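I opened this notebook to record what I looked up in one structure, entry by entry. The questions concern the chain as a whole, its cavities, a set of paired strands and a few single residues.

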Amino acid sequence: MAEVCVKGGFVSPRSRSLSRKGGVFCSLLPPSTIEIKDGSHKSGFSEGRLVFPVRRIRPLKPFVVSSPVPKGFTIGPKTMKWWEQGLQPNMREIESTQDLVDSLRNAGDKLVVVDFFSPSCPGCKTLHPKICKFAEANPDVLFLQVNYEKHKSMCYSLHVHVLPFFWFFRGAQGRLCGFSCTTQTIKKFKDALAKHTPERCSLGPTKGLDESVLLALAANKELNFSYTKKEEVEKEVSPAIPPLAPLSPVLASGSMEKGKELVSTER
């Protein structure tokens, strides 16, 4: 039996007829069927109507389900990494072992500086703005950046174990020097740049990396790089010439006897 509160007391309707008007439930009851339980007397209503207010449910507020941000995805403008800041047109990052080999071979007589760095190296980060200034002051010099974290296996084959580390290459001479320096020993870099920057005419093709280094890179199974020795290439290109057949002893002896006869007749 449903119970409702009217003026502090409880009433129990004997009729279950309900109707809805204007968003509320109305119970149409005759005056004689309403009982007030907090009193002992019966009381009726003139119109015989009880109005039950309906509790309206508030709509839920829209909500957004948070999802994990994918790796490498940034909200808003992309922030440049420290080794990407201040780059000059003559500076670029090496993408693979083949890219490094081809870049050195195709440089011609131009001076090439290979910069080995690591994103987690404080000395590399401190030295980077100075290297960018050197690149800006020397637009004819090519600066190649090698990220140690991306190319650990290649750096291991190149015997680069100290960072920051620099290699200088030029034309047919190949590698000129290699050393490590910091902001305290930056004079070493300045002197090497001043020594090898003047233009020179190389006699012969561009050398790039030594053949021993190329073979070490090709022997590294983790690298997608292959190299063939120059001797094997020359054998494949040059045509095979068959060796001369030795003379048979019969022909040799016969020719000798004929020679003796000729000498004797002349006498």
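**Entry 1: the chain as a whole.** I first fixed what a contact is, namely heavy atoms within 4.5 Å. I note here that the model I am reading is a predicted one. With that meaning of contact, I looked at pairs of residues at least 6 apart in sequence, and 67% of those contacts in the chain join residues at least 24 apart. For the secondary structure I read off seven helices and 10 strands. I then checked burial, and of the 267 residues of the chain 31% count as buried.

**Entry 2: the cavities.** How many cavities of 30 Å³ or more does the count give? I found four cavities at that cut-off, and the largest has a volume of about 60 Å³. Its lining is made by Trp82, Trp83, Asp115, Phe116, Phe117, Cys124, Leu127, His128, Ile131, Gln145, Pro164 and Phe166. Two elements, β7 (111-117) and α2 (122-137), each give two or more residues to this lining, and α2 gives the most, with four residues. Sorting the lining of the largest cavity by class, I wrote down nine nonpolar, two polar and one charged residues.

I went on to the second largest cavity, for which the volume is about 50 Å³. The residues around the second largest cavity are Leu104, Ala107, Gly108, Lys110, Val112, Phe169, Arg170, Gly171, Gly174, Thr206 and Gly208. By class, I put four of these lining residues down as nonpolar, five as polar and two as charged.

**Entry 3: β9 and the strands paired with it.** Several residues of that second lining led me to β9 (165-170), where I found that six of its six residues are buried. Which residues of β9 point one way, and which the other? Phe165, Trp167 and Phe169 point one way and Phe166, Phe168 and Arg170 the other, and all are buried.

On pairing, I noted that β7 and β9 run antiparallel and are joined by six bridges, with Val112 standing opposite Phe169 of β9. Strand β10 (residues 174-180) also runs antiparallel to β9, again with six bridges between the two, and Phe168 has Cys177 of β10 as its bridge partner. The hairpin of β9 and β10 has three residues between the strands, and there I recorded a positive phi near 45° for Gly171.

**Entry 4: helix α1.** In α1 (residues 97-105) I listed Thr97, Asp99, Leu100, Val101, Ser103 and Leu104 as the buried residues. I then asked what these buried residues pack against, and the elements are β6, β7, β8, α3 (152-157), β9 and α5 (211-219). For reading such a list I keep in mind that an α-helix has 3.6 residues a turn, so residues three or four places apart point the same way.

**Entry 5: two asparagines.** I placed Asn138 in the loop between α2 and β8 (142-147). Why does Asn138 count as buried? The cut-off for buried is under 20% relative accessible area, and Asn138 counts as buried because its relative accessibility is 17%. The side chain of Asn138 reaches the backbone oxygen of Phe134 at 2.8 Å. Leaving aside neighbours within four places in sequence, I find Asn138 in contact with Asn90, Phe143, Leu193 and Thr197.

Asn147 is in strand β8, and its relative accessible area of 2% puts Asn147 among the buried residues. A polar atom of the Asn147 side chain lies 3.0 Å from the backbone nitrogen of Glu149. Not counting residues up to four places away in sequence, Asn147 touches Trp83, Glu93, Phe117 and Pro119.

**Entry 6: Gln88.** I located Gln88 in the loop between β5 (49-52) and β6 (91-93). One polar atom of the Gln88 side chain lies 3.2 Å from the backbone oxygen of Gly86. Beyond the neighbours within four places in sequence, Gln88 is in contact with Cys132, Ala135 and Glu136. I also checked Gln88 against Ala137, which is 49 residues apart from it along the chain, and their C-alpha atoms are separated by 9.9 Å.

Technical notes. Residues are numbered from 1 along each chain as its sequence is written. This is a predicted model: local features need pLDDT of at least 70, side-chain atom pairs count only at pLDDT 80 or more; totals for chains, interfaces and linings use all residues. Side-chain values use heavy atoms; hydrogens and water are left out. On a 1 Å grid over the protein atoms alone, a cavity is a set of points where a 1.4 Å probe fits but cannot get out, and a pocket is an open set with protein on both sides within 12 Å along at least five of seven lines; lining residues have an atom within 4 Å of a point. Grid points are joined across faces, edges and corners, and a volume is the space filled by probe spheres set on the points. Ala, Val, Leu, Ile, Met, Phe, Trp, Tyr, Cys and Pro count as nonpolar, Asp, Glu, Lys and Arg as charged, and the others, Gly among them, as polar. Buried means under 20% relative accessible area, exposed over 50%, partly exposed in between (1.4 Å probe, protein chains only). A polar contact is a pair of N or O atoms within 3.5 Å; within protein, one must be able to donate a hydrogen and the other to accept it, and residues adjacent in sequence count only if both atoms are side-chain atoms. Two strands pair if DSSP finds at least two bridges between them.
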